[in-house]
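Let's go through this structure together, one kind of feature at a time. Ask whatever you like as we go.

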Amino acid sequence: MKAKLGASVVLVLVLACAIALARPAVPTDGANRALPSDGPTPAVPADEPAPGACPSAIQNDTTLTEDCFGPLVIATSGITLDCAGFTVTGSGTGNGITLGAGIRGVTVKNCVVTGFAHGVYLDGASSNLLQGNTVTGNNVSFYLVSSDGNNLTGNAADGSARMGFYLEGSSFNALTYNTANDDTSFGFVLDLGSSNNTLAYNAAVRDHFGFSLTLGSSNTLAANNASFDDYGFFIDQSSSNFLSGNRADLNSEDGFLLSSSASQNTLDANMASNNGGFGYDDFSSGSGTAATANAYGANTCSGNTAGGSSPAGLCA
């Protein structure tokens with residue numbers, strides 16, 4: 001009986017020692033006082049699932065319910081794509097959202113598009129509405145080629161490697177209440193035969209050129225604002241354009257710059273203030289105001305480092 005009791009005691013002692021050795025040591029503060037526990041280790045959250053591919057071709061009214069990898073192509077006229085704030089993401093090439101030849105009457109709204117050569121791309125597409133889209137981190141944010149009669153309103157083109165809004169050979173489009181911020185080269189560009197477009201109440205901030213007209217005619221720019229750009233408004237090889245009520249403030253160079261090949265343009269009631277160069281700088285020559293090839297009336301200028309205008313007499 002004593003032998004059995006002794007063996008039991010030995011077994012208990014062995015088990016106690018094993019449990020003590022297995023238990024982690026309690027940290028102390030050096031005086032053998034236990035430090036407070038940090039509590040249980042929080043669970044590591046699982047990685048968010050990668051977004052899936054976007055629908056390859058949109059043929060009916062569609063509302064996105066999650067982020068997706070593009071590209072995304074509008075394949076049918078007269079429909080609506082509502083991204084509902086979700087993001088269409090690319091890998092640095094191609095087009096994010098495409099409206100191709102013959103596509104008409106489509107609405108694209110509330111989309112975030114990033115990571116493409118061209119964020120939203122229209123090629124031969126007419127009479128469509130692009131509204132409330134945020135297109136950021138692309139080469140060109142909004143690119144219209146041979147596309148007429150479209151309405152772009154309330155969109156943002158931010159951080160483009162080249163251009164925010166680029167119209168090539170496109171006419172009778174209306175761009176209103178859009179913003180182009182931090183685009184490397186141009187905020188808004190009307191190029192290569194783009195004519196009869198209206199740009200109103202848009203803003204270009206921290207771009208190289210805020211608004212640029214190159215090889216374009218009969219366009220109207222009204223009540224737009226260019227600030228903190230290098231050049232606010234630039235007209236080159238373009239004629240018969242009308243600029244009224246626009247504002248160029250706090251740009252590092254000229255507020256309004258017209259090249260020697262800009263002619264028969266009208267600048268009326270615009271404002272240029274606190275720019276690093278001239279308020280208005282016109283290199284053309286002809287029978288217009290102050291012997292330029294363009295007409296100036298009721299423009300104002302103040303606080304421009306190089307002076308109000310070159311030649312003198314383009315503003316008061």
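A: Two terms to start with. Buried means under 20% relative accessible area, exposed means over 50%, and partly exposed is in between, using a 1.4 Å probe and protein chains only. Helices (H or I, at least four residues) and strands (E, at least two) are DSSP runs, numbered from the N terminus.

Q: Good. What do I need to know about the model itself?
A: This is a predicted model, where local features need pLDDT of at least 70 and side-chain atom pairs count only at pLDDT 80 or more, while totals for chains, interfaces and linings use all residues. Residues are numbered from 1 along each chain as its sequence is written, and side-chain values use heavy atoms, with hydrogens and water left out.

Q: How many residues of strand β26 are buried?
A: Five of the six residues in β26 (231–236) are buried, which leaves the strand mostly covered.

Q: How do I read strand pairing, and which strands does β26 pair with?
A: Strands of a sheet pair through backbone hydrogen bonds, either parallel or antiparallel. Here, two strands count as paired if DSSP finds at least two bridges between them. β26 pairs with β23 in the parallel sense over five bridges, and with β29 (residues 256–258) in the parallel sense over three. You can find the register from single residues: Ser212 stands opposite Phe234 of β26, and Ile235 stands opposite Leu258 of β29.

Q: In what order do the strands of the open sheets run?
A: One open sheet has twelve strands in the order β1-β4-β7-β10-β13-β16-β19-β22-β25-β28-β31-β34, with parallel pairing. Its edge strands, β1 (52–53) and β34, each pair on one side only. Another open sheet has eleven strands, ordered β3-β6-β9-β12-β15-β18-β21-β24-β27-β30-β33, and the pairing is parallel there too. Its edges are β3 (62–63) and β33, each pairing on one side only.

Q: Can you walk me through a pairing from each sheet?
A: Sure. In the eleven-strand sheet, β21 runs parallel to β24 (residues 220–222), joined by three bridges. Ala200 has Ala222 in β24 as its bridge partner. In the twelve-strand sheet, three bridges join β25 (residues 225–227) to β28 (residues 247–249), again running parallel. Ser227 stands opposite Asp249 in β28.

Q: Asp249 sounds worth a second look. Which side chain does Asp249 meet in a salt bridge?
A: A salt bridge is a side-chain nitrogen of Lys or Arg within 4 Å of a carboxyl oxygen of Asp or Glu. By that rule the count comes to two. In one of them, the side chains of Asp249 and Arg247 meet at 2.4 Å, N to O. Asp249 is buried at 11% relative accessible area, whereas Arg247 is partly exposed at 36%.

Q: And what does the salt bridge of Asp182 tie together?
A: Asp182 bridges to Arg206, with the closest N and O atoms 2.6 Å apart. Asp182 lies in the loop between β19 and β20 (186–191) and Arg206 in the loop between β22 and β23 (209–214), so the pair ties together parts that are 24 residues apart in sequence. Both are partly exposed: Asp182 at 38% and Arg206 at 45%.

Q: How do I read an aromatic pair?
A: A pair of aromatic rings is described by the distance of the centres and the angle of the planes. Rings of Phe, Tyr and Trp (its six-membered ring) pair if their centres lie within 6.5 Å; planes under 30 degrees apart are stacked, over 60 edge-to-face, and the rest tilted. The structure holds 13 such pairs. Tyr177 and Tyr201 make a stacked one, 5.1 Å centre to centre with 5 degrees between the planes. Tyr177 sits in the loop between β18 (174–176) and β19 (179–181), and Tyr201 in the loop between β21 (198–200) and β22 (203–205), so this pair also links parts 24 residues apart in sequence. Tyr177 is exposed at 52%, and Tyr201 is partly exposed at 48%.

Q: Which residues do ring pairs link into a cluster?
A: Phe142, Phe165, Phe188, Phe211, Phe233, Phe256, Tyr280 and Tyr296.

Q: Last one: is Asn299 buried or exposed?
A: Asn299 is buried, at 2% relative accessible area, in the loop between β33 (295–297) and β34 (300–302). Polar atoms of its side chain lie 2.9 Å from the backbone oxygen of Leu267 and 2.9 Å from the backbone nitrogen of Asn270.

Methods. Polar contact = N/O pair within 3.5 Å; in protein donor to acceptor, adjacent residues only side chain to side chain.
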